[in-house]
Structure formats: C-alpha cells, structure tokens
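Hi,

Here is the structure I promised to pass on. Have a look at it first, and my notes follow underneath.

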Amino acid sequence: MSSRPATVAPPTRAAKPAPRRRGPPTTPQTHPVEVRAARRTDLKAIAAIDHAISGEERHAYWLQVFRRYGSGEHRDSRFLVAVAEGTVIGLIVGEVRDWEFGSPPCGWIFGIEVDPAVRQRGVGELLLNAIAAQFRRAGARTIRTVLQRENTLILSFFRGQGMMAGPLLSLEMDIDN
Ligand SMILES: CC(C)(COP(=O)(O)OP(=O)(O)OC[C@H]1O[C@@H](n2cnc3c(N)ncnc32)[C@H](O)[C@@H]1OP(=O)(O)O)[C@@H](O)C(=O)NCCC(=O)NCCS
C-alpha cells in the first residue's frame, strides 16, 4: 500500500465524478481528509452514502452495525469514517479475529464505501491504511475480506492495494426450508 495524502472537495450530489488524481490536489476547493472512529451522529451521512451506492434505505442496519462495531464495546471491532471539512465521505468496518481454525489474529474487512462524488482521490486507500494500522496494533499481521464475485470495482480496489486470493475458500448452503 502506498501512502499518499488524500484531499478532496466536499461532495455535492450534483458533482461530476472526480478527475483521476495525479498527486496532491492544489485547487483552493480541496480539503484534507481525516479518518476517525465513527460516531452515532455520523449515521445519517453514512446511510446516505450507502443509499447512493446500494439504492437502499438502511438506517436501522447502520445503527446495528454501529452498535456492533463502533460503540467501543467490542475491543477488536472497528468502524471508521473519512471526513472532509466536517462531512463524512467514506466508511470502513472490520474486526480482528483470532478464533478461526487456530489461525493467528487476522483483520477482517466487512465493508468499505466511498461517496461516489469523491472517488479516485485516495479516500478508499486512506481508510484501508487506517484500519490496517489499527489491526496491526491489535496484533494482526494479515488482512482478509470476502467479495461479491461480480463486484469488479471493489475487486480492482483491493487488488490494487496488494490483496490477493488467500488460502481460505468460502462455502455456503441454503437453510431456508
Ligand atoms: C472501492 C472504493 C471503496 C474505492 O474508493 P476510492 O476512494 O475511489 O479509492 P482510491 O481513490 O483510494 O483508489 C485506490 C485504488 O483503487 C483502484 N481503483 C479505484 N477505483 C477504481 C476504478 N473505478 N477502476 C479501477 N480501479 C480502481 C485503483 O487501483 C486505485 O489506485 P490508483 O488511483 O493509484 O489507480 C469505492 O469505489 C466504493 O465505495 N465502491 C463501492 C464499494 C462497494 O461496493 N461496497 C460494498 C461492498 S464492501
């Protein structure tokens, strides 16, 4: 993973997709991006980003995710947001697990989303680097995630960050009977 400063203009829903970033932006409209722990007051903005991506209204879901990963009650859980000029522009959720199949502690990423209005400016990478640093401090030396096969965007993103096919295989079956 490279480390480059992410700076963006605050998103407006009408904004055109950001031009591909080639080094630090220099326009006066750009603002530094910070990554911090999600707060309950961020949930409206988080649900709005998710709505822009998934098309679904999932306020109750994000409240549940916040309680599980962001409340601080679970020592190894993380729910981080990227913020530019007070506006939440991205999120990442994950946790360190050390109970699977006798494996050493591993950082699992469950979700990452960046506001479509500020993509390809390094925000996703900043979020991934931030959670990776926290996982490392918690003892993890590997990051893992599970993707939808057809989501080529997220696959390109993770692949671009250096992630590759791992040793585990995901299996499932229908129990709805
Ligand atoms: C994937 C996502 C998080 C990337 O966020 P981002 O802020 O645009 O990512 P970055 O600017 O940090 O990009 C980092 C790298 O990812 C890759 N990447 C990002 N967008 C890409 C695209 N549209 N096409 C191909 N590669 C892309 C590139 O390798 C890029 O590095 P580069 O800019 O040096 O080429 C964002 O596109 C998103 O939220 N997508 C929807 C996520 C989703 O479906 N979530 C649900 C499942 S978790």
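The shell around the ligand draws at least two residues from each of E5, H3 and helix H4 (152-160). H4 is the top contributor there, with 5 residues. Altogether 18 residues surround the ligand, and the closest are Arg119, Gly124, Glu125, Phe157 and Gly160. If you want the chemistry of that shell, it splits into 7 nonpolar, 7 polar and 4 charged residues. Do keep in mind that this is a predicted model.

Now the overall layout. The protein chain has 4 helices and 6 strands, and along the sequence they come in the order β-β-α-α-β-β-β-α-β-α. Of its 177 residues, 30% count as buried. Contacts between residues 24 or more positions apart make up 63% of those with a separation of 6 or more.

Next, the inside. Nonpolar side chains tend to be buried together in soluble globular proteins. Here the largest nonpolar core has 38 residues, and Leu80, Ala82, Ile89, Ile92, Val123 and Leu127 have the most contacts inside it. Quite a few elements feed into this core with at least two residues each: strands E2 (31-37), E3 (77-84), E4 (87-97) and E5 (106-114), along with helices H1 (43-54), H2 (59-70) and H3 (123-137). So that you have one residue to click on, try Ile92. Leaving aside residues up to four places away in sequence, Ile92 touches Leu80, Ile109, Gly111, Ile112, Leu127, Leu128 and Ile131. 

Then there is E3. How many of its 8 residues are buried? The count is 7, so E3 is mostly covered. E3 pairs with two strands, E2 and E4:

- With E2, the pairing is antiparallel over 5 bridges, and Glu34 stands opposite Val83 in E3.
- With E4, the pairing is again antiparallel, over 8 bridges, and Ser77 stands opposite Glu95 in E4.

E3 and E4 also form a hairpin, with 2 residues between the strands. Glu85 sits in that turn and has a positive phi of about 50°.

Cheers

Definitions and conventions
Residues are numbered from 1 along each chain as its sequence is written. This is a predicted model: local features need pLDDT of at least 70, side-chain atom pairs count only at pLDDT 80 or more; totals for chains, interfaces and linings use all residues. A nonpolar core is a set of buried Ala, Val, Leu, Ile, Met, Phe, Trp, Tyr and Cys residues joined through C-beta atoms within 7 Å. A residue is buried if 20 or more other C-beta atoms lie within 10 Å of its own, exposed if 12 or fewer, and partly exposed in between; C-beta atoms are placed from the backbone. Two residues are in contact if their C-beta atoms, placed from the backbone, lie within 7 Å. Two strands pair if DSSP finds at least two bridges between them. A residue is near a molecule or strand if its C-beta atom, placed from the backbone, lies within 6 Å of it. Ala, Val, Leu, Ile, Met, Phe, Trp, Tyr, Cys and Pro count as nonpolar, Asp, Glu, Lys and Arg as charged, and the others, Gly among them, as polar.
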